[in-house]
Amino acid sequence: MALPFLPGNSPNKQLGKEKFHKSQHFDYSNGVPMLVGCEKPGIGGEPLGGQKIKPKYSVYPKGQGSALPSWLAFDKQALCFEAYCQEAVPEARDETYRIRKFNIYFFLEDDTIQVVEPEYKNSGIPQGTFIRRQRVPLPPPNDDQFYNIFHFNLDQQMVLHSRTFTVTNCDTFTRNFFSKLGVRLNNPAAVPADPYSNLREQIEKSMTPLRPYERRDTLKQFLDHEGEVLRFKCFWDDSESVFGDLRELVLHYFLADDTIEILEIIPPNSGRDTAAKFLRRSKLPKHSVQMKQPGQLTDRTVLNVFDSSKQGKRYILDSLKTGAVNEDFYKDCDLTIGQEVSVWGRRLIIADCDDFTKDYYRFKYGIEDFTPVRYKAPPAPKPPRPVPPYNGFGSEEDSLSSCQGLLPKPPQKDFHKFMEKDKNVLKFSAKMVTDDPVDSERMFIISFYLCDDSISVYEHSQRNSGVLGGKFLERSRVKKPGQQLFKSELSEYFTAQDMYVGATICINNWNFQLLDADEYTLNYMEQRAEEFPKANVGNILSKLRSIQEEKQSEIKKFLTLSDPSDTGFIPYESFRGLLTGLDCGLSEHEVLILGRYFSERTQPEADVSLMLAVAQDFLKKKHFEELPDMARDFTHRDQQKTGRLSTKETRTICKAFKLPLPETLLGGLLSVFADGDEIDYHAFLAGINWVEHHAPPVMPEDTLKFDVNARSDGGGATVKHVNYSSLLRDVFNITSNNAEPTAAT
């Protein structure tokens, strides 16, 4: 039952409406202002009473379909239809109508249509694009509308610009697209036959050419071997002629068309003019000495049937090729090493070939012997270029470079070695080998820089010794002793292999004995045992296994007596004295490496107070006063207000404020104040605050321990006890009487 038309009983159509504009009734059409009010909607874009707004495009009308615009959703997508058109041919004797085939393309992005006529040979009609891409209007009386996708179907007629086309078929993409739209396509239609085209085909089939030239199909050979060239080294012995000599040549055989090209290798200062080619690229006959005249060789010949003055001359083609001249050309099977090739009367000998040619003959013909032919004597060795002796000016490398060219160049350095081993320094503690009691007590640190094989010597300062410590030798390369000064050969310098514990090196007439090395140096040499033979545990164990059985029994007896409690461990000093006293052929460094290999190591505890004092000394010297700012930054990053931050965040803040502490010292402090992976930043900042919490002064040698550029030889892991039971088992296959101890490494 309908409600009465009273206020409140009928819904208000204006509720929720936001657009109340009035559409304009004037617009431009083809650049001309026109009244187009009949196509414009009413208030707010709604259609007027009885008005039907025509959709602008067929696939995606406004407010329907995908959210993407049609020009993006259907970009480069088109429907393809096959069609034909029948047109009358007036005033023609052979044909009354003509069937023309077309392809109709419908572009989904903007409903444009393009009609293209495929090109046919000898059609006599301009073909190609028949209708350019555009929106095609419907035939009258609906010419105010355009063709869309729903106007297409198979086996139907379409009028495009007053020309009737019959759609016969479509491609697979078009058929699938219509299926998704729910449009059912008709069955494909057949194209009617064109009488004139059939007549032309029958005429062409019945025609026999007057000169049936034979065609040779060389396309397959060209496609299979394009770019593949066989390369041979050849020589031509022309020494019998006047001013003749041995000529070196290079023969190129092109597999694509069986042609040959020969180039000549002209040595410098030979007196010969450089020619472009010895033989241009062409087919090379086997038995020809003289070039044939043009027309002398033909593919086909003719026979003179009869010659009459009245009827003229009559000729026919020689189908049996009775007068044909057959000439053999060189093929790839004729070119082998040692084979003679006749190049228009010149005898060439193939001497060698490249790797590609060898692989080709090995795969195709199974040839394995590619021994080259020697046709010339080996080149004479170059006379030696003696180098004058060193004159004493500059370095030896500078003097040598001045002899290698008119413009002296600075000697080149090993840049790769510098980049690979930069900041890798081997540190050794040493003493001076002398009879002077004062000098014999002096202690030194010898640093060997692996990036350029340079050496620097630093002396420890000792109280009441009468000798000032500090830098003893500036960083430089050091020559080995016993070499002449003025000589032609370059001097030998100390290398990393010459530096090991127990070695005695002579530096500028001062003898130093290397007593010990820091932990970094020993680890570096052990990890690169192939570079440092003294640190190769395998070589050391081989030396021990090669000693006599008497010494083996002495070693076992001594080790057993040194361990009365049967713990399996003996002190390192006893172990060192044993191997040194028995004269096993081991150096001091090898004994140390062996002790480290079978050792119980103890890591010395870090002196926290000394580390904090050294850190405050570094900050005081650099006038670092940004500790309050660092505290605020730590507090800002600590969102949970726990007073702790991760080690990574702590390092990031220290790097951001450019905290002037060496990396070794900073890492040690962070490990001290670390609880797992978190740092107590309040304690860390309080410990390094040199303004509020003063630390006692430190000595220069204490600062030197944590300096990255001058490491001390102390502070590394020390060897105290050696697991001799593992040594006896691994080296001599001897099992000790005691139980196997647990080795702590």
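# Briefing on a predicted single-chain model

Ile-265 has its place in strand β11, which covers residues 259-265. The model that holds this residue is predicted. Its chain has 745 residues, of which 34% are buried, and its secondary structure comes to 19 helices and 28 strands. Taking contacts between residues at least 6 apart in sequence, 56% join residues at least 24 apart.

**Ile-265 and its surroundings**

- Ile-265 is partly exposed, because its relative accessible area is 43%, and the partly exposed range lies between 20% and 50%.
- Leaving aside residues up to four places away in sequence, Ile-265 touches Glu-248 and Val-250.
- The C-alpha atom of Ile-265 is separated by 7.6 Å from that of Arg-247, a residue 18 places away along the chain.

**Salt bridges**

- The whole structure contains 41 salt bridges.
- One of them pairs the side chains of Arg-163 and Glu-87, with an N to O distance of 3.3 Å.
- That pair links distant parts of the chain, 76 residues apart: Arg-163 belongs to strand β8 (residues 163-170) and Glu-87 to strand β3 (residues 78-88).
- The two partners fall into separate exposure classes: Arg-163 is partly exposed at a relative accessible area of 28%, whereas Glu-87 is buried at 17%.
- Glu-95 and Arg-98 form another salt bridge, in which the closest N and O atoms are 3.1 Å apart; both residues are buried.
- Arg-362 and Glu-368 also meet through their side chains in a salt bridge, at 3.2 Å from N to O.
- In this pair Arg-362 counts as partly exposed, because its relative accessibility is 32%, and Glu-368 counts as exposed, with 54%.
- Shared partners join the salt bridges of Glu-87, Glu-95, Arg-98, Arg-100, Glu-117 and Arg-163 into one network.

**Packing of α9 and α12**

- Helix α9 (residues 537-545) packs on helix α12 (residues 588-597) at an angle of about 100 degrees, and their axes are 10 Å apart.
- Therefore α9 is roughly perpendicular to α12, a class that runs from 65 to 115 degrees.
- On the α9 side, Val-537, Ile-540, Leu-541, Lys-543 and Leu-544 take part in the contact; on the α12 side, they meet Glu-590, Ile-593, Leu-594 and Tyr-597.
- By class, the contact of α9 with α12 has seven nonpolar residues, two charged residues and no polar ones.
- Helix α12 is largely enclosed by the rest of the structure, because eight of its ten residues are buried.
- The buried residues of α12 are His-589, Glu-590, Val-591, Leu-592, Ile-593, Leu-594, Gly-595 and Arg-596.
- Glu-590, Ile-593 and Leu-594 are thus listed among the buried residues of α12 and also among those that meet α9.

**Packing of α15 and α16**

- Helix α15 (residues 647-656) and helix α16 (residues 663-672) pack with their axes 12 Å apart, at an angle of about 140 degrees.
- This angle makes α15 oblique to α16, because roughly antiparallel applies to angles over 145 degrees.
- The two helices, α15 and α16, cross in a right-handed sense.
- Thr-650, Arg-651 and Cys-654 are the residues of α15 in the contact, and they meet Glu-663, Leu-666, Gly-667 and Leu-670 of α16.
- The contact of α15 with α16 divides into three nonpolar, two polar and two charged residues.

**Backbone features in loops**

- Pro-140 and Pro-141 are joined by a cis peptide bond, with omega at about 5 degrees.
- Pro-141 is in the loop between β6 (128-134) and β7 (156-160).
- Phe-243 has a positive phi, near 55 degrees, and is a residue other than glycine.
- The loop that holds Phe-243 runs between β9 (229-237) and β10 (246-254), and Phe-243 counts as exposed, at 78% relative accessibility.
- Asn-269, which is not a glycine, has a positive phi of about 60 degrees.
- Asn-269 lies in the loop between β11 and β12 (279-282), and it counts as exposed, because its relative accessibility is 83%.

Terms used
Residues are numbered from 1 along each chain as its sequence is written. This is a predicted model: local features need pLDDT of at least 70, side-chain atom pairs count only at pLDDT 80 or more; totals for chains, interfaces and linings use all residues. Side-chain values use heavy atoms; hydrogens and water are left out. A salt bridge is a side-chain nitrogen of Lys or Arg within 4 Å of a carboxyl oxygen of Asp or Glu. Helices (H or I, at least four residues) and strands (E, at least two) are DSSP runs, numbered from the N terminus. Buried means under 20% relative accessible area, exposed over 50%, partly exposed in between (1.4 Å probe, protein chains only). Axes are lines fitted to C-alpha atoms, for helices over the stretch in contact, and angles run from 0 to 180 degrees between N-to-C directions. Angles under 35 degrees count as roughly parallel, over 145 as roughly antiparallel, 65 to 115 as roughly perpendicular and the rest as oblique. A crossing is left-handed if the near helix is turned anticlockwise from the far one by less than a right angle, and right-handed if clockwise. Contact means heavy atoms within 4.5 Å. Ala, Val, Leu, Ile, Met, Phe, Trp, Tyr, Cys and Pro count as nonpolar, Asp, Glu, Lys and Arg as charged, and the others, Gly among them, as polar.
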